[in-house]
Amino acid sequence: MSPKYLHGVVRTGPRLPEVIPSLSPFGQTQVLPYGRLAAMVTDSRPLDIPKAGAGRELFAFFHSQPEAIQEMMRQSAILPARLGTALEDKEEVRLLLEKGYTILQAALESIEGKVQMEVEATWDVGQILKGMAEEPAIR
């Protein structure tokens, strides 16, 4: 049995794919249904960080989470999992959906039709520090 890396939870429906292409070094993101919910998971395994090239693998692994979530957001509301959430196997994924069914359904209902926006800010640290240094209260 293969451990499962959890990306998030969605509702099942006619537009829900069984598999989502992924950048993950472990393969495609699978959609595992349970009732009216489904978990988005990727096969997982421990990463050998000291191994040569592990940096690229780690980079791809961590970038597969937002990529999978963004792809699913085009089709459905999604409750993203915390980065790094892993479950033992498909049975543990099923148990998560079973035990959290009512809470997960309510949470998905509360975000249905909402939009997530991302804001990025950039600044020139040197200019900011210079401006701060010119403030009379800081001198």
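Colleague: Where does Ile128 sit?

Modeller: In this predicted model, Ile128 is placed in helix H4, which covers residues 125-133.

Colleague: And is Ile128 buried, exposed or partly exposed?

Modeller: Ile128 counts as partly exposed, because its relative accessibility is 38%, and a residue has to be under 20% to be called buried and over 50% to be called exposed.

Colleague: Which residues make the nonpolar surface patch?

Modeller: The patch is made by Ile128 together with Trp123, Val125, Leu129 and Met132, and the nonpolar surface that they form comes to about 510 Å².

Colleague: Let's go inside, then. How many residues does the largest nonpolar core have?

Modeller: The largest nonpolar core has 14 residues, and Val93 and Leu97 are those with the most contacts inside it. At least two residues of this core come from each of strand E1 (4-11), strand E4 (37-43), helix H2 (90-99) and helix H3 (101-111).

Colleague: Which element gives the most to this core?

Modeller: That is E4, which contributes 3 residues to the core.

Colleague: What does Val93 touch?

Modeller: Leaving aside residues up to four places away in sequence, Val93 touches Lys4, Leu32, Ala39, Val41 and Leu87. Apart from the largest core lies another one, of 7 residues, and Val10, Met40, Ile69 and Met72 are among them.

Colleague: You listed Lys4 as a contact of Val93. Which residue forms a salt bridge with Lys4?

Modeller: Asp43 does, and the closest N and O atoms of the pair are 2.3 Å apart. This salt bridge links distant parts of the chain, since Asp43 lies in strand E4 and Lys4 in strand E1, with their positions 39 residues apart in sequence.

Colleague: Lys4 first: buried or exposed?

Modeller: Lys4 counts as buried, because its relative accessibility is 5%. Its partner Asp43, at 25% relative accessibility, counts as partly exposed.

Colleague: How many salt bridges does the structure hold?

Modeller: The structure holds 3 salt bridges. Besides the pair of Asp43 and Lys4, Arg94 forms one with Glu91, where the closest N and O atoms are 2.6 Å apart, and Glu98 forms one with Arg94, where the corresponding distance is 2.5 Å.

Colleague: Where do Arg94 and Glu91 lie?

Modeller: Both lie in helix H2, 3 residues apart, which is about one turn of the helix. Glu98 and Arg94 also both lie in helix H2, and these two are 4 residues apart, again about one turn. Through the shared partners, the salt bridges join Glu91, Arg94 and Glu98 into one network.

Colleague: Are those three buried or exposed, or something in between?

Modeller: Arg94 counts as partly exposed at 30% relative accessibility, Glu91 is put in that class at 39%, and Glu98 is partly exposed with a relative accessible area of 35%.

Colleague: Changing topic, where is Met73 found?

Modeller: Met73 is found in helix H1, which is made up of residues 54-73, and Met73 is partly exposed, with a relative accessible area of 34%.

Colleague: What does Met73 touch?

Modeller: Once residues up to four places away in sequence are left out, Met73 touches Ile78 and Gln116.

Colleague: How many residues apart in sequence are Met73 and Gln116?

Modeller: They are 43 residues apart in sequence, while their C-alpha atoms are 9.1 Å apart in space.

Conventions: Residues numbered from 1 in each chain as written. Predicted model: local features only at pLDDT ≥ 70, side-chain atom pairs only at ≥ 80, totals over all residues. Heavy atoms only, no water. Patch = residues over 30% accessible without salt bridge, like charges linked within 9 Å, V, L, I, M, F, W, Y side chains within 5 Å. Areas by Shrake-Rupley, 256 points an atom, 1.4 Å probe, with all protein chains shown as cover. Salt bridge = Lys/Arg side-chain N within 4 Å of Asp/Glu carboxyl O. Buried < 20%, exposed > 50% of the residue type's maximum accessible area, 1.4 Å probe, protein only. Core = buried A, V, L, I, M, F, W, Y, C linked by side-chain atoms within 4.5 Å. Contact = heavy atoms within 4.5 Å.
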